[in-house]
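Me: I would like to go through some of the labels attached to this model and ask, for each, what it rests on.

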Amino acid sequence: MARPRIVALPGDGIGPEIMAAARELLERLGDFEIEERPIGGASIDAHGTALTDETLAACRRADAVLLAAVGGPKWDTTDPDAPRPEQGLLGLRKGLGLFANLRPVRPPRALLDGSPLRRERIEGTDLLVVRELTGGIYFGERGREDARAFDTCVYSVEEIERIAEVAFRFARRKVTSVDKANVLETSRLWRETVTRAAEGRDVELEHLLVDNAAMQLVSRPAEFDVILTENMFGDILSDEAAMLTGSIGMLPSASVGDSGPGLFEPVHGSAPDIAGTGRANPLAMFGSVAMMLRYGLGRQEEAAAVESAVDRALEAGLRTRDLGGEAGTEDATKAVLANL
Ligand code: IPM
Ligand code: MG
């Protein structure tokens, strides 16, 4: 891959600010061909839809897709027929076949006292949420009839098998599969299928009900290795897990499929309350750039260099507002670049 082609999707809110920071970082790392396109609310404003066919086609042609954030009050509506920014992201995940979402949670040493949880609780935490991303209630049939509304949760054995495969591939010692098998039929199929997928492997498998998992994630986070779960449970648990690092502004993610480009994005949203103020924390975005380098472009060394530059900047005292400090997006970018 001589000159990797990246489609950059800044999106809404703080998205353009952290994308600009990411581009500064990429510029420093080497020669990338970057094509920027609107998504989410920005695309609704420009084209009336959150994801145009042209943007999806450009993403398909790329080596990797980097996305900042979508959404904001401007486009918030409960009208089922109005376009929504989130449709851009969901359309991209589905359109690129990105069924596996990887969300690593590893509180940096420098932030161990920044979490709302005591240091003793989070010390040693190094877990990976493997979230199924193109099935379940997010993509099932939905609608409204008179005074009723419904969403459907559907999973096939094949969908569960392929995400379980990813979880076992990343596991070092244990897979914790999270479901609601005491209530949901899809969860019972999930549990059966994951149990079968674990046979003959050298990895421990445990099953947790999602409510219990939510509790254990804050009471004994260091015990987890890989957390394997379905789409909506993964959405909720990964926000919860983010707070182990002290801020959701720290969590990167990668979404990958069987083939084709992956999508790399921070877990946090578009933070409309601080958009345009230069205060956004770009570190989750930098972490997403690192994941793009590692999983999307096969540039392991540069990925590790970015991650260690972030760690060193934090150790040297870098703190953005969400981490209780004063640093803005520019300061944080400078600090990371200085440690690269
Ligand atoms: C996430 C986000 C998205 C999701 C939204 C923006 C549709 O919360 O990536 O976690 O629910 O998947
Ligand atoms: Mg979420």
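Reply: A crossover is right-handed if, with the strands pointing away from the viewer, the path from the first strand over the helix to the second runs clockwise. In this predicted model, strand 1, helix 1 and strand 2 make a β-α-β unit of that right-handed kind.

Me: How do you know that strand 1 and strand 2 pair?

Reply: Pairing requires at least two bridges found by DSSP between the strands. Strand 1 (residues 5-11) and strand 2 (residues 33-36) run parallel and are joined by four bridges, so the two strands pair. Ile-6, for its part, has Ile-34 in strand 2 as its bridge partner.

Me: What makes the contact between Asp-31 and Arg-3 a salt bridge?

Reply: The cut-off is 4 Å between a side-chain nitrogen of Lys or Arg and a carboxyl oxygen of Asp or Glu. For Asp-31 and Arg-3 the N to O distance is 3.1 Å, and therefore the pair counts as a salt bridge. This pair links distant parts of the chain, since Asp-31 lies in the loop between helix 1 and strand 2 while Arg-3 lies in the segment before strand 1, 28 residues apart. In the whole structure, a search finds 29 salt bridges.

Me: Why is Asp-31 called partly exposed?

Reply: Buried means under 20% relative accessible area and exposed means over 50%, with partly exposed in between. Asp-31 has a relative accessible area of 47%, so it is partly exposed. Arg-3, with 42%, is partly exposed as well.

Me: Which residue forms a salt bridge with Arg-106, and how is each of the two classed by accessibility?

Reply: The partner of Arg-106 is Asp-126, with the closest N and O atoms 3.1 Å apart. The pair links distant parts of the chain, Arg-106 being in the loop between strand 4 and helix 5 and Asp-126 in the loop between helix 5 and strand 5, 20 residues apart. Arg-106 has a relative accessible area of 48% and is therefore partly exposed, and Asp-126, at 25%, also counts as partly exposed.

Me: Why are Asp-225 and Arg-172 put in opposite classes, one buried and one exposed?

Reply: Their side chains meet in a salt bridge of 3.2 Å, N to O. Asp-225 has 2% relative accessibility, which is under 20%, so it counts as buried, whereas Arg-172 has 58%, which is over 50%, so it counts as exposed. Salt bridges that share partners join Arg-172 and Asp-225 with Arg-106 and Asp-126 into one network.

How values were computed: Residues numbered from 1 in each chain as written. Chains lettered and ligands numbered in written order. Predicted model: local features only at pLDDT ≥ 70, side-chain atom pairs only at ≥ 80, totals over all residues. Heavy atoms only, no water. Buried < 20%, exposed > 50% of the residue type's maximum accessible area, 1.4 Å probe, protein only.
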